[in-house]
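Got your viewer open? Load the model below and keep the selection tool handy. We'll go stop by stop.

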Amino acid sequence: MGEQPSGRALSSDKRNKSTPGESAVRKPAVRQPGASRPAAPHTTAPTAAEKSPVGKTSAGKKAAVNETPEKPAAAKKAVAKKATAKKAVAKKTAAAAGQAPARTTATKKTAAKKTAAKQAPAKQPPARKPESRVAMVRRARRINRELAELYPYAHPELDFTNPFELLVATVLSAQTTDLRVNQTTPRLFAVCPTPEDMAAMDPERLEELIRPTGFFRAKAKSLLGLSAALRDRFGGEVPGRLEDLVTLPGVGRKTANVVLGNAFGVPGITVDTHFGRLARRFGWTTAEDAEKVEADVAGIFPKSEWTMLSHRVVFHGRRVCHSRKPACGACAIAPLCPAYGEGETDPEKAKKLLKYELGGQPGQRLKPPADYPGQPAPPMAPPAAAS
């Protein structure tokens, strides 16, 4: 038997039998030392255009352009017109889009300002530091001195010639003006000048005489009652004591103080609507009740000042420091007033709010005192004749 080839020899033969194409895929054989390097296969060198991608792209584009057929001139003009129109529309749209938000924003801001102005609270005067009792009393007395210089002619604004006429006029002044009372009382006192005459009046006749003052039925009942009381209990004379006066029908502390202070010279504080309002604005009291206001103010001023203080404060309340719109800009005591700023502060506008003699208008009395600087009030026009 012949000798069998070894495993290595078989492997070598298998390698030698591989196809020529297979050798290109396989890894090149290791060159033996001393053997010559095999020659590289011959290839054609690429051109410059093939090397450069830019050149290749440009060439492609040129070829594409050369292949595209040329458009007629009319078509080109149509395309240009369409492009121009599109640009114009785009510009208008952009301009409108840019302006619309601005207008909308401006409108919103204006509306917001109006709403804020409506909802904003009324302007308040600047806050003052807490005031001690001593400082308040000093300021209050200084206000009284300033008012005395401003109204040296202050007086009761009801026409009267005796205590009885003043008592009746004061009762009639409730819920009406002193001017209306002064225009009404001449006819009344011409018919019944004394308590005895008035007590004997027919109720309907009395009501007709005092009708212009309002609430004439209730007032007529009070006048008949107090006239009868004066006739029966006080001998037809008006008493000069507060305790007696307040027992008469329709007479309270305010009316009693008016009569005592101006007909009998007895000091008293008259707390009417004007006095109470200003006393609170000046910081003299916080009370609403008339008697409490009277007590608070009486503790600030000496008794000798009470009657004239009442006249000055009432004068100022009627002429300058009005209830709804005070003339703060024309007020002589504005630097002393804690409520400055509640009314009109512009001097020119405030002057237009002044009333009676300060505003160049007639006063409330038909027969004012001799030192009154204003004009007397006109009498009531006679009633129109029945047709």
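How do the residues lining the largest pocket divide into nonpolar, polar and charged? Keep that in mind while we get our bearings; the answer comes at the second stop.

**Stop 1: the whole chain.** This is a predicted model, so treat it as one while you click around. Switch to cartoon view and colour by secondary structure: the protein chain has 17 helices and 0 strands. Now colour by burial, and you'll find that buried residues make up 32% of the 387 in the chain. Turn on a surface next. About 25,400 Å² is exposed, with carbon and sulfur atoms supplying 57% of that area. If you like contact maps, try one here: of the contacts between residues at least 6 apart in sequence, 60% join residues at least 24 apart.

**Stop 2: the largest pocket.** Select D178, D272, H274, V314 and R318, and centre the view on them. You're looking into the largest pocket, with a volume of about 750 Å³. Those five are the closest to its centre among the 32 residues that line the pocket. Next, show the helices around you: α7 (163–172), α13 (253–263), α14 (273–281) and α16 (306–319) are the elements that each give two or more residues to this lining. Highlight α16 in its own colour, since the largest share, 6 residues, comes from that helix. And the answer to the opening question: the lining has 16 polar residues, 9 nonpolar and 7 charged.

**Stop 3: the second largest pocket.** Select D159, F160, T161, E165, N182, T185, P186, F189, R365, L366 and K367, which line the second largest pocket. The space in there comes to about 240 Å³. Which helix gives the most to this lining? Colour α8 (residues 178–191) and you have it, with 4 residues. By class, this lining has 4 nonpolar, 3 polar and 4 charged residues.

**Stop 4: the cavity.** Rolling a probe the size of a water molecule over the atoms shows where empty space is left. Searching the whole structure turns up 1 cavity of 30 Å³ or more. To get there, select C321, P326, C328, C331 and C337, the residues nearest the cavity's centre out of the 15 that line it. Its volume is about 110 Å³. Show side chains and colour by class: here the lining has 12 nonpolar residues, 1 polar and 2 charged.

Terms used
Residues are numbered from 1 along each chain as its sequence is written. This is a predicted model: local features need pLDDT of at least 70, side-chain atom pairs count only at pLDDT 80 or more; totals for chains, interfaces and linings use all residues. Side-chain values use heavy atoms; hydrogens and water are left out. On a 1 Å grid over the protein atoms alone, a cavity is a set of points where a 1.4 Å probe fits but cannot get out, and a pocket is an open set with protein on both sides within 12 Å along at least five of seven lines; lining residues have an atom within 4 Å of a point. Grid points are joined across faces, edges and corners, and a volume is the space filled by probe spheres set on the points. Ala, Val, Leu, Ile, Met, Phe, Trp, Tyr, Cys and Pro count as nonpolar, Asp, Glu, Lys and Arg as charged, and the others, Gly among them, as polar. Buried means under 20% relative accessible area, exposed over 50%, partly exposed in between (1.4 Å probe, protein chains only). Contact means heavy atoms within 4.5 Å. Accessible areas come from the Shrake-Rupley method with a 1.4 Å probe; for residues, only the protein chains shown count as cover.
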